[in-house]
Amino acid sequence: MNKKQIVPAIEAIQWDYEDALVPESIHYIQKDDVVMIKNEKSTSIYANKVVR
């Protein structure tokens, strides 16, 4: 699998949740240069994932 296949696969997993299942502390940030999930309640450095 190369980078052109990996990034879309990660994005598909990250964005495949119904709005009703996403806690209020989770914020999705999707721009041309960054795709990120921000969790305001998490203290883990691995909780916010940037795929681009």
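The exercises below work through a predicted model of one protein chain.

**Exercise 1. The order of elements**

Task: State how many helices and strands the chain has, and in what order they run.

Solution:
- Step 1. Count the elements: the chain holds one helix and three strands.
- Step 2. Read from the N terminus on, which gives the order α-β-β-β.
- Step 3. Place the helix: H1 spans residues 3-14, and Met-1 sits in the segment before H1.
- Step 4. Place two of the strands: S1 covers 26-30, and S2 covers residues 35-39.

**Exercise 2. How S1 and S2 go together**

Task: Find in which sense S1 and S2 pair, and over how many bridges.

Solution:
- Step 1. Look at the link: S1 and S2 make a hairpin, with four residues between them.
- Step 2. Look at the pairing: the two strands are antiparallel, with five bridges.
- Step 3. Take one opposite pair as an example: Ile-26 faces Asn-39 of S2 across the pairing.

**Exercise 3. The two faces of S2**

Task: Sort the residues of S2 into a covered face and an uncovered face.

Solution:
- Step 1. Recall the general pattern: side chains in a regular strand alternate between the two faces of the sheet.
- Step 2. Apply the pattern to S2: Val-35, Ile-37 and Asn-39 make up the covered face, while Met-36 and Lys-38 make up the uncovered one.
- Step 3. Check one residue of the covered face: Ile-37, which lies in S2, has a relative accessible area of 12% and therefore counts as buried, the cut-off being under 20%.
- Step 4. Add a distance: the C-alpha atoms of Ile-37 and Ala-47 are 7.9 Å apart, although the two residues are ten apart in sequence.

**Exercise 4. Ser-25 and Asn-39**

Task: Decide whether Ser-25 is buried or exposed, and find which side chain it joins in a polar contact.

Solution:
- Step 1. Locate Ser-25: this residue is in the loop between H1 and S1.
- Step 2. Read its accessibility: the relative value for Ser-25 is 12%, so Ser-25 is buried.
- Step 3. Identify the partner: the side chains of Ser-25 and Asn-39 are joined by a polar contact of 3.4 Å.
- Step 4. List the neighbours of Ser-25, leaving out residues up to four places away in sequence: Lys-38, Asn-39, Glu-40 and Lys-41.
- Step 5. Do the same for Asn-39, with the same exclusion: Asn-39 touches Ser-25, Ile-26 and Asn-48.

**Exercise 5. A nonpolar surface patch**

Task: Name the residues of the nonpolar patch on the surface, and give their accessible area together.

Solution:
- Step 1. Name the members: Met-1, Ile-6 and Ile-10.
- Step 2. Give the area: together these residues have about 300 Å² accessible.
- Step 3. Classify one member: Met-1 has 77% relative accessibility and so is exposed, since the cut-off for exposed is over 50%.

**Exercise 6. The chain as a whole**

Task: Give the share of buried residues, the exposed area and the share of contacts far apart in sequence.

Solution:
- Step 1. Of the 52 residues in the chain, 21% are buried.
- Step 2. The chain exposes about 4500 Å², of which carbon and sulfur atoms supply 53%.
- Step 3. Among contacts with a separation of 6 or more, 15% are between residues 24 or more positions apart.

Terms used. Residues are numbered from 1 along each chain as its sequence is written. This is a predicted model: local features need pLDDT of at least 70, side-chain atom pairs count only at pLDDT 80 or more; totals for chains, interfaces and linings use all residues. Side-chain values use heavy atoms; hydrogens and water are left out. Patches are made of residues with over 30% relative accessible area and no salt bridge: like charges are joined within 9 Å, nonpolar side chains (Val, Leu, Ile, Met, Phe, Trp, Tyr) within 5 Å. Accessible areas come from the Shrake-Rupley method with a 1.4 Å probe; for residues, only the protein chains shown count as cover. A salt bridge is a side-chain nitrogen of Lys or Arg within 4 Å of a carboxyl oxygen of Asp or Glu. Buried means under 20% relative accessible area, exposed over 50%, partly exposed in between (1.4 Å probe, protein chains only). Contact means heavy atoms within 4.5 Å. A polar contact is a pair of N or O atoms within 3.5 Å; within protein, one must be able to donate a hydrogen and the other to accept it, and residues adjacent in sequence count only if both atoms are side-chain atoms. Two strands pair if DSSP finds at least two bridges between them.
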